[in-house]
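Student: I would like to take a close look at a single part of this structure, and I would be glad of one connected explanation that I can follow with the model open beside me.

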Amino acid sequence: MPEVIVSCDTSTSKFAVVVWIDGKPIDRKVFKTGETKVKKKLKSVTYFDNKIEQINWITNEVIKFIEPYKPQKVCLESLSFSSIGNQTRNLAGVYHVFCDKLVEVLGLDFKDITPIPPTVIKATARTLYPLDEQTYTNTKGKVSKKEIGKPEVMFIANQLHPEVLEGYSKSASSEKAGYEDLSDALICYYAYKKGLV
């Protein structure tokens, strides 16, 4: 029986999903929503007046997308506890509603859902660089770990699976936005497989 794993970067604005079968990414999609009050509307985004309706719609769409694959495990970027502001509540809402639907609709057990902290995703990205590029020596001769941010995560994701990122843009205001989000979903899978959580 093939191993089917889904890796996700959950969000209300760009929810990225990658489906893996036996270690190969075989499908991917970015689901996009926004608030109707924004001035510039994109065709690739579904807009809502109500945050609850928005969260319900995006989580339902993701469930419908992954359901035919019958995933045995789902790994997803967990919440960042150092983040502040209203958006953190929305992210928590999406995260918890999605996990609940994985259990209620897809029949997964909660033990089959693995949260991956954002710090672990960055640390995993570092381990995927060539060994000699994972550290650097500073001006005082001290060896330090390579700093990993969004650009480095996107770079290594593209090195591993350019076909997954193909057709997506790094620009958040583009119709094809989602490059950064798919990159996080890709590295999330590697963190899960390496058992770093």
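Tutor: What follows is a walk along one strand and then on to the aromatic rings. Please keep in mind that this is a predicted model, and that every value below is computed from it.

Let us begin with strand β1, which covers residues 4-9. Six of its six residues are buried, so the strand is largely enclosed by the rest of the structure. In a regular strand the side chains alternate between the two faces of the sheet. You can follow this in β1, where V4, V6 and C8 point one way while I5, S7 and D9 point the other way, and all of them are buried.

Now consider the neighbours of this strand. β1 pairs with β2 in the antiparallel sense, over six bridges, and the two strands form a hairpin with four residues between them. If you look for V6 on the model, you will find that V19 in β2 stands opposite it. β1 also pairs with strand β5, residues 73-77, but here the sense is parallel and there are four bridges. In that pairing, S7 has C75 of β5 as its bridge partner.

From β2 we can move on to the aromatic rings, of which eight pairs are counted in the model. One of them joins W20 and Y189, which are stacked, with 3.7 Å from centre to centre and 5 degrees between the planes. This pair links distant parts of the chain, since W20 belongs to strand β2 (residues 14-21) and Y189 to helix α6 (residues 179-193), 169 residues apart. Both W20 and Y189 are buried, and ring pairs link these two residues with Y190 into a cluster.

Another stacked pair is made by Y129 and F155, with 5.8 Å between the centres and 25 degrees between the planes. Here too distant parts of the chain are linked: Y129 lies in the loop between α3 (118-127) and β7 (135-137), F155 lies in helix α4 (residues 150-160), and they are 26 residues apart. With a relative accessible area of 6%, Y129 is buried because the cut-off for that word is under 20%, whereas F155, at 41% relative accessibility, counts as partly exposed.

Y129 has a further contact to look for, as the charged end of K146 sits over its ring, 4.8 Å from the centre. A similar arrangement can be found at Y47, where K41 lies over the face of the ring at 5.4 Å from the ring centre.

Note on methods
Residues are numbered from 1 along each chain as its sequence is written. This is a predicted model: local features need pLDDT of at least 70, side-chain atom pairs count only at pLDDT 80 or more; totals for chains, interfaces and linings use all residues. Side-chain values use heavy atoms; hydrogens and water are left out. Rings of Phe, Tyr and Trp (its six-membered ring) pair if their centres lie within 6.5 Å; planes under 30 degrees apart count as stacked, over 60 as edge-to-face and the rest as tilted. Buried means under 20% relative accessible area, exposed over 50%, partly exposed in between (1.4 Å probe, protein chains only). A charge sits over a ring if NZ of Lys or CZ of Arg is within 6 Å of the ring centre and within 35 degrees of the ring normal. Two strands pair if DSSP finds at least two bridges between them.
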